[in-house]
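I opened this notebook to keep track of what I looked up, one entry at a time. Below is the structure I had in front of me.

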Amino acid sequence: MLISEDFCLKTFTTFGVEVRTHRFIVVSSKTDLEELFEEGYLKERPRMVLGGGSNLLFTGHYPGLILSSQMRGKETVKETADEVWIKVSSGEYWPTFVDDVVEKGYGGVENLCLIPGKVGAAPIQNIGAYGVEVKDVIESLEAFDLDSGEIRTFRNEECNFGYRSSIFKTKEKDKYFILNVTFRLSKKPKLKLSYAPLKQLFKDRKDGKISVKEVSEAIKNIRNSKLPDPDHLKNAGSFFKNPAVSKEKADELKNQYPDMPVYPQPNGKVKLAAGWMIEQCGWKGKKEGDVGVYEKQALILVNYDNASGKEILRFSQKINNSVRKKFGINLKREVIVI
Ligand code: NAP
């Protein structure tokens, strides 16, 4: 365990803004958390758990306690002829875990390769890409209740998973420290190739003949060609969520903008592409000071050098204002602003 005070967070978020926190504690085990609880550290407010910092924007110094997981390790806890259950500690790096299981031929997370962040953060945000959400493969997770010091197991259905959301991002925000997540993966994978670039790539191939490794390699190529690597260009992935609107609103927009992509959802709503709307408002590739919209993908805001969190937030509000004016849609942030 490592306890630091007045700690700089610049390298702890992928936006790389220069802010400090009153206290920063690196947690390596359940015992660390028990000790912190006994000694009263966890009573400090505000208090939050930091994952890989790949979905966060700090707009000022943090006047409280930040906990970060360094818990490592993974183990197979159950196996049948068709499936395997793997328990992974929260501090493991998500893309490495995906590569590991893809290499073994286990299916379920291959569409989620290269999403930056730690395993413990994946359920909080219910990370998703190319038609797969992590909720599809989560069996359960164990979390430490920071208020009571107790450990609780959440089954999948208790996590209230939604689009880029869960109970840990809403009702129970900042109450739990996720210790580990158990994933249920398939040894006879059913691939999800419904998104256009995958459909196109594999159109001449028979489903049963395509490996999870091929799908993951294809997605890596697509992502690398249009998404910035946070190690080289500071960003937090999609800044906004794709809005879901009523069919009437979608029809009205489609009449006005025939090229607009629309994705009808099983619940009757219609998903719109926030990036497309931002691009139509002329923001793609635009830069103001050190903040900008990524030139290849309008959903991503970039800190080109030393932008502050407040500058990035103000820039995002301008984008939202123009989308609201042109399309009558209020974009919601995917990135958590603190
Ligand atoms: P894209 O192909 O330009 O499409 C724009 C949006 O349309 C996507 O965000 C996606 O929504 C939606 N979409 C596309 N095809 C769809 C289909 N067949 N059915 C339903 N919805 C569809 O998207 P992109 O920016 O290159 O992203 C590709 C994938 O990577 C997306 O799933 C995206 O969410 C994911 N991604 C995630 C992050 C992150 O930070 N979590 C960052 C970058 C990309 P959905 O987003 O709902 O899938």
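The entries that follow go from the domains to the ligand and then to two single residues.

**Entry on the domains.** I note at the start that this is a predicted model. I looked up how the protein chain is divided, and the assignment gives domain 1 as residues 2-69, domain 2 as residues 74-224 and domain 3 as residues 234-337. I then checked how far apart domain 2 and domain 3 are, and found 25 Å between their C-alpha centres. In the contact between these two, domain 2 takes part with 5 residues and domain 3 with 5 residues.

**Entry on the ligand.** Which residues are closest to the ligand? I found that 17 residues surround the ligand, and that Tyr195, Lys226, Asn242, Lys271 and Gln297 are the closest of them. I sorted the residues of this shell by character and wrote down 7 nonpolar, 6 polar and 4 charged. When I asked where the shell comes from, I saw that domain 2 and domain 3 each supply at least three of its residues.

I went on to the polar contacts, beginning with Tyr195, where a polar atom of the side chain lies 2.6 Å from an oxygen atom of the ligand. For Lys271, an N or O atom of the side chain is 2.6 Å from a ligand oxygen, while for Ser238 a polar atom of the backbone is 3.3 Å from an oxygen atom of the ligand. I also noted how much of the ligand is covered: on its own the ligand has 800 Å² of accessible area, and the protein covers 82% of that. The elements giving two or more residues to the shell are strands β8 (128-129) and β13 (234-238).

**Entry on Ser186.** I located Ser186 in strand β12, which runs over residues 176-186. The side chain of Ser186 comes to 2.9 Å from the backbone nitrogen of Lys188. Setting aside neighbours within four places in sequence, I listed the contacts of Ser186 as Asp82, Glu83, Gly105, Tyr106 and Gly107.

**Entry on Val291.** Is Val291 buried or exposed? I record Val291, which sits in strand β18 (residues 291-293), as buried because its relative accessible area is 3%, and the cut-off for buried is under 20%. Beyond its neighbours within four places in sequence, Val291 is in contact with Lys286, Val302, Tyr304, Ala307, Glu311, Ile312 and Phe315. Last, I looked up Val291 and Ser308, which are 17 residues apart along the chain, and found their C-alpha atoms separated by 8.8 Å.

Terms used
Residues are numbered from 1 along each chain as its sequence is written. This is a predicted model: local features need pLDDT of at least 70, side-chain atom pairs count only at pLDDT 80 or more; totals for chains, interfaces and linings use all residues. Side-chain values use heavy atoms; hydrogens and water are left out. A residue is near a molecule or strand if one of its heavy atoms lies within 4 Å of it. A polar contact is a pair of N or O atoms within 3.5 Å; within protein, one must be able to donate a hydrogen and the other to accept it, and residues adjacent in sequence count only if both atoms are side-chain atoms. Accessible areas come from the Shrake-Rupley method with a 1.4 Å probe; for residues, only the protein chains shown count as cover. Helices (H or I, at least four residues) and strands (E, at least two) are DSSP runs, numbered from the N terminus. Ala, Val, Leu, Ile, Met, Phe, Trp, Tyr, Cys and Pro count as nonpolar, Asp, Glu, Lys and Arg as charged, and the others, Gly among them, as polar. Domain bounds come from an automatic or database domain assignment. Contact means heavy atoms within 4.5 Å. Buried means under 20% relative accessible area, exposed over 50%, partly exposed in between (1.4 Å probe, protein chains only).
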